[in-house]
Amino acid sequence: MQVRGEVGRLRGLVGPDLAQPVLAERLQRRLDAQRRPVGDLVSWLLKRGLPQRPGCWSMLCDEGARIDTRGTCESCQVLVGDRRGLRRAVAEQVLEERLSGRLRLAQHEMGREVERRLQEAVREELVRKAAARERAVAEQAVREAAYELQRQAFAQEQRARAAAPCADCGLPEAAGLCLGCTERRGIAVALEEAVDYALVLRFDPADAPGTRGLRQECAQATRSVLEQRLGQLRQQGLDEASVAYAGRRLIEELRDRRRWAALVRLGQQEEAEQAARMAAAAKRRKQQHPNTVEARDAAGAAAGAAARRRVAERWLGELLAELRAVCSLGPAPAEGTDWACVLPEMAARALSEEPVEMSAGAVGELVSA
């Protein structure tokens, strides 16, 4: 059992292929060093044959040799160098004291004095290391205790959080917010964003009351259409959680469709088209591999589309900030594009990819966009 355990340990250090040869070499080396027959084989294996005897801090060291490469252990060489350096320093100190007259010793007594001081220095070093190990053990115990307290506090917080009722409907053990209320909050946020994207190209920055009224009407109409869809799902027998989940997917799909339509219209402006042409031309000049005409054209088209989208997204951000500032009577946005002149042209432009034609004054068409 002990032999199998040592072989398993060596497999983790040197791999399965070298574990048994390494152990066999260790046993043979120690048999050769003993130079006499083994009387009690079990006792010899447990006490002398099997245990690894590292001469340093390395886990691969065994009596000054590496068990993986069979070469000299570099860590042991470092320790040997440190010991030699310590002996040299002690010898130089004794010699300096003798030459200066502070230490009166005969020549034959120099060696004994050096050995005595060397042993004293080694004992002091061992005492320091033992104290350092004790401090490390104590610090580790303190850290483990602190970690355990943190783990207990975290587990208690997790249990308290899981047991908290829903903040909206009061459902017990809902971790603060149940699934249905989470979806309903998501529906409210997505609905506001969908209304913003519906009005972002059609509002009049100079008519704040009219813009707020139009936004309210659009929000009510959008909410009415959504409630009709959710009522149909309830009639089909779905529970409230499933209805809320489906409603969030529907309103997010509408929001994404409106955002895409706004980006397409903004990307059709001359500045966006110019940025796309410049990016495409620059990409074609840089494109070398593959060097076919089709590959260069494809790379240029991709670069142009990316540039057009970047310009459209920047403009869309400006418009959304201005729309929200107008609706909330907040501070005026920073100077940017003169949208009062640009918006009517974009709103009147047809969008072939859009499934429903939209006009500036009809709230019902805004909802179905």
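**Helices α4 and α5 and the largest pocket**

Trainee: In this predicted model, which residues line the largest pocket?

Mentor: The pocket in question has a volume of about 340 Å³. Its lining consists of Cys56, Trp57, Leu79, Asp82, Arg83, Leu86, Leu118, Val122, Glu125, Leu126 and Lys129.

Trainee: Which element gives the most to the lining of the largest pocket?

Mentor: Two elements, α4 and α5, each give two or more residues to that lining. With 5 residues, the greatest contribution is that of α5.

Trainee: How many residues of the lining are nonpolar, polar and charged?

Mentor: Charged residues of the lining include Asp82 and Lys129, and nonpolar ones include Leu79 and Val122. The division is 7 nonpolar, no polar and 4 charged.

Trainee: How far apart are the end C-alpha atoms of helix α5?

Mentor: Helix α5 covers residues 110-163, which is 54 residues. At 1.5 Å a residue it should therefore span 80 Å. The distance between its end C-alpha atoms agrees with this, at 79 Å.

Trainee: What do the buried residues of α4 pack against?

Mentor: Buried here means under 20% relative accessible area. In α4, the residues that are buried are Ser75, Cys76, Leu79, Val90, Val94 and Glu97. They pack against β1 (61-62) and α5.

Trainee: Which residues of α5 are buried?

Mentor: The cover over the buried residues of α5 includes α4 (74-100). The buried residues themselves are Met110, Glu113, Val114, Arg117 and Leu118.

Trainee: Which residue just after α4 takes a positive phi?

Mentor: Helix α4 has 27 residues and reaches 39 Å from its first C-alpha to its last. Just after this helix, a positive phi of about 90° is taken by Gly101.

Conventions. Residues numbered from 1 in each chain as written. Predicted model: local features only at pLDDT ≥ 70, side-chain atom pairs only at ≥ 80, totals over all residues. Heavy atoms only, no water. Helix = DSSP H or I, 4+ residues; strand = E, 2+ residues; numbered from the N terminus. Expected span 1.5 Å × (residues − 1). Buried < 20%, exposed > 50% of the residue type's maximum accessible area, 1.4 Å probe, protein only. Contact = heavy atoms within 4.5 Å. 1 Å grid on protein atoms, 1.4 Å probe; cavity = no way out; pocket = protein on both sides within 12 Å on 5 of 7 lines; lining within 4 Å. Points joined across faces, edges and corners; volume = space filled by probe spheres on them.
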